[in-house]
Amino acid sequence: MIIIIVFAVIFVLLLLYGYLSHLHLVSTFYEIKSDKISRNYRIVLLSDLHCAKHGKNNSKLIGAIDSAKPDAIFIAGDLTNKHLATDDIKVCEVLEFLKKLTEKYPVFYSDGNHEIRMDDPDEYRKAVIKTGVVYPENETVQYNEFSIYGLTLPKVGYYKKHLLDESIFDEIYANEPDDNKEKYHILLAHEPRYFEKYTETRADLILSGHIHGGIMRLPIVGGVIASGFQLFPKFDAGVYKKNDKTMVVSRGLGSHTLKFRFFNPPEIVIIDIMGG
């Protein structure tokens with residue numbers, strides 16, 4: 001009986017720790033070098049907020065971003081939740097959060113699997129764009145020395161049991177003007193498991209999320225379970241390289257189905273792209 005009680009207490013404490021970990025926001029720093037740009041840039045990567053709030057009106061999150069003093073902010077999807085009605089967006093406070101960011105920084109936002117499954121995704125995009133956010137949807141936009149592509153995958157792109165028409169990856173940058181070829185290319189792509197395909201495009205830097213860091217992180221093993229209940233996801237968090245291509249995967253800022261994060265605090269990712 002004593003052993004059962006001890007295990008029960010440990011289990012409850014572990015669940016409490018996993019739940020309270022949502023409150024402990026951290027900043028993770030990476031450095032990437034490229035001779036395609038003439039100076040240094042600092043960018044912030046956000047993903048998978050899922051309507052979570054870090055402080056009142058996300059004051060802690062905004063404070064962490066301000067402390068980093070970025071040149072621009074990149075959002076790799078899932079700020080909101082699937083099936084969220086248009087009238088409920090105010091409750092989520094995403095638009096207010098984005099408006100505060102665009103008052104200070106250029107903000108680039110690409111779809112995740114939750115945005116495309118909202119009750120009215122087109123209405124949501126329009127509302128986001130009104131805040132001043134740049135929202136490329138399978139298209140390229142320009143910012144300083146960067147060419148930025150926002151990838152919107154179809155719903156089947158997020159489920160392994162379905163076959164995705166991978167010709168979609170051949171179309172990335174296909175219509176980009178030739179005079180942009182020498183620019184530093186950033187691909188906003190919520191789903192990281194297509195890393196090999198992304199590296200076949202012009203993308204120099206791929207910014208992703210979706211996996212939530214594996215929900216639980218263990219030494220050596222890394223992420224244990226992906227947000228889609230896939231065990232031991234290959235691209236769970238951090239930096240991945242192939243040749244001269246780099247992918248950075250954020251652990252995300254919130255959760256949706258499983259409201260726990262074990263040894264895996266929510267993070268903002270700060271990337272210094274060193275030029276020259």
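Student: Why is Arg42 called partly exposed?

Tutor: A residue is buried under 20% relative accessible area, exposed over 50% and partly exposed in between, with a 1.4 Å probe and protein chains only. Arg42 has a relative accessibility of 22%, so it counts as partly exposed. The model is predicted: local features need pLDDT of at least 70 and side-chain atom pairs pLDDT 80 or more, while totals for chains, interfaces and linings use all residues. Residues are numbered from 1 along each chain as its sequence is written, and side-chain values use heavy atoms, without hydrogens or water.

Student: What makes the pairing of Asp272 and Arg42 a salt bridge?

Tutor: The term requires a side-chain nitrogen of Lys or Arg within 4 Å of a carboxyl oxygen of Asp or Glu. For Asp272 and Arg42 the N to O distance is 2.7 Å, and the two side chains therefore meet the criterion. Asp272 belongs to strand β13 (residues 267-274) and Arg42 to strand β2 (residues 41-46), 230 residues apart, and the pair thus links distant parts of the chain. Helices (H or I, at least four residues) and strands (E, at least two) are DSSP runs, numbered from the N terminus. Asp272 has a relative accessible area of 16%, and for that reason it is classed as buried.

Student: How do you know that Lys242 and Glu196 form a salt bridge?

Tutor: The nitrogen and oxygen of this pair are 2.7 Å apart, so the rule is satisfied. Lys242 in strand β11 (residues 238-242) is thereby joined to Glu196 in helix α6 (residues 195-198), 46 residues away along the chain. Lys242, at 31% relative accessibility, is partly exposed, and Glu196 is also partly exposed, at 35%.

Student: Why are Glu267 and Arg251 both called buried?

Tutor: Glu267 has 0% relative accessibility and therefore counts as buried; Arg251, at 14%, is placed in the buried class as well. Salt bridges with shared partners also join Asp111, Asp122, Arg125 and Glu137 into one network.

Student: What makes Glu267 and Arg251 a salt-bridged pair?

Tutor: Their closest N and O atoms are 3.4 Å apart, so the pair satisfies the rule. Glu267 is in strand β13, whereas Arg251 is in the loop between β12 (245-249) and β13, 16 residues away. By this rule the total is 11 salt bridges. Side chains of opposite charge can pair when their charged atoms come close.

Student: What makes Asp48 and His83 unusual in their phi angles?

Tutor: Most residues other than glycine have a negative phi. Asp48, which is not a glycine, has a positive phi of about 55 degrees, and His83, also not a glycine, has one of about 60 degrees. Asp48 lies in the loop between β2 and α2 (59-68), and His83 in the loop between β3 (72-75) and α3 (89-92).

Student: How do you know whether Asp48 and His83 are buried or exposed?

Tutor: The relative accessible area of Asp48 is 0%, so this residue is buried. His83 has 54% relative accessibility and is therefore exposed.

Student: Which residues does Glu191 contact, leaving aside its neighbours within four places in sequence?

Tutor: Contact means heavy atoms within 4.5 Å. On that basis Glu191 touches Leu153, Gly157, Tyr158, Tyr198, Ser208 and His210. The C-alpha atoms of Glu191 and Ser208 are separated by 6.1 Å, although the residues are 17 positions apart along the chain. Glu191 is in the loop between β7 (184-188) and α6, and its relative accessible area of 2% makes it buried.

Student: Why is Thr201 called buried?

Tutor: Thr201 has a relative accessible area of 10%, so it is buried. Thr201 sits in the loop between α6 and β8 (205-208). Beyond its neighbours within four places in sequence, Thr201 contacts Phe169, Ile172, Tyr173 and Lys245.

Student: How do you know how compact the chain is?

Tutor: The chain has six helices and 13 strands. Its radius of gyration is 19 Å, close to the 19 Å that the globule rule gives for 276 residues, so the chain is as compact as a globular protein of that length. The radius is taken over C-alpha atoms, and the rule is 2.2 Å times the number of residues to the power 0.38. Buried residues make up 54% of the 276 residues. Among contacts with a separation of 6 or more, 71% join residues 24 or more positions apart.
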